[in-house]
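Biologist: Got a minute to go through this one with me? I'd like the reasoning behind the labels.
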Amino acid sequence: TRFDRLPDKSATPNGLENFTLRTKWQKQGITYFIASFTSDLSQETQRQIIARALDVWRAQIPLEFTEVFSTGEADMVFGFGEGDHCALYQAASVTCPTADDAGFDGEGGVLAHCYFPPGSGGDAAGYCHFDDSESWTDDDTSTIEVRLLETAIHEFGHGLGLAHSDDPSATMFPSYDPVLPKTQLGGDDITGI
């Protein structure tokens, strides 16, 4: 199972360091809007998990994250969807991608994706989408459900500008391990961000 479809570090040119910075936000106050929720967890629980995931990154960088309540106010838009999940793009007034690999693949496989910040993220810069075909949990490793906190931390790393890491202990490593949660940043993640 992979967090997303971004290539592994070894598949990209100039793989000299473990991390790759794509772009970064050019401001310190980032707003976010949660456009849709999964039915697997309460909305309040999801809000808390999103805030916790952002706090993991905020502890290392001088950014402040503030939840807003419309896409028009938001720098980053988060949400859950299935298949092509065009409704999430439309909610943010972004054209839905038509590429075959732009949609979600159902349970298992790809869990989520997040676009890089403005400068390399295109019209959907900073937007993070989670596959609602998955069964989501908070951080329980005793179930077959997917941990939202860990997935959000990984995807928000992309939304903040990081590509994948080759370091298996890094949060930005591309593979999801169902029995070994990564809810804190590793040394490579900290160096990268």
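Modeller: Sure, and keep in mind the model is predicted. Start with F78, which stands opposite C128 in β5.

Biologist: What makes β3 and β5 a pair of strands?

Modeller: The cut-off is at least two bridges found by DSSP. Four bridges join β3 (residues 76-81) to β5 (residues 128-131), so they count as paired, and they run parallel.

Biologist: And how do you know that β1 and β3 pair?

Modeller: Again by bridges: β1 (residues 29-34) and β3 have three, in the parallel sense. With at least two needed, they therefore qualify. One contact to look up is F33, whose bridge partner in β3 is V77.

Biologist: Which strand does β1 pair with over four bridges?

Modeller: That's β2 (residues 64-67), also in the parallel sense. There, Y32 has E67 as its bridge partner.

Biologist: Why is β3 called mostly covered?

Modeller: Buried means under 20% relative accessible area, and six of the six residues in β3 are buried. Both faces are covered, too: M76, F78 and F80 are buried on one side, and V77, G79 and G81 on the other. β1 is mostly covered as well, with five of its six residues buried.

Biologist: What makes the largest nonpolar core a core?

Modeller: Its members have to be buried residues of the nonpolar kinds listed for a core, joined through side-chain atoms within 4.5 Å. This one has 36 residues, and Y32, W57, F78, F130, W136 and F156 have the most contacts inside it. The elements giving two or more residues are β1, α1 (43-58), β3, β4 (112-114), β5 and α3 (148-159). The largest share, six residues, comes from α1. Apart from this core lies another, of 11 residues, among them V68, V77, A124 and Y127.

Biologist: What is W136 in contact with, leaving aside neighbours within four places in sequence?

Modeller: Contact takes heavy atoms within 4.5 Å. On that basis the partners of W136 include F80, L111, F130, L148 and T151, along with D40, D131, E145 and R147.

Biologist: Last one: how many residues of each class line the second largest pocket?

Modeller: Seven nonpolar, two polar and two charged. The lining has 11 residues, with K24, W25, I61, L63 and I193 nearest the centre. Lysine counts as charged, so K24 goes in that class, while W25, I61, L63 and I193 count as nonpolar. The volume of this pocket is about 210 Å³.

Definitions and conventions:
Residues are numbered from 1 along each chain as its sequence is written. This is a predicted model: local features need pLDDT of at least 70, side-chain atom pairs count only at pLDDT 80 or more; totals for chains, interfaces and linings use all residues. Side-chain values use heavy atoms; hydrogens and water are left out. Buried means under 20% relative accessible area, exposed over 50%, partly exposed in between (1.4 Å probe, protein chains only). On a 1 Å grid over the protein atoms alone, a cavity is a set of points where a 1.4 Å probe fits but cannot get out, and a pocket is an open set with protein on both sides within 12 Å along at least five of seven lines; lining residues have an atom within 4 Å of a point. Grid points are joined across faces, edges and corners, and a volume is the space filled by probe spheres set on the points.
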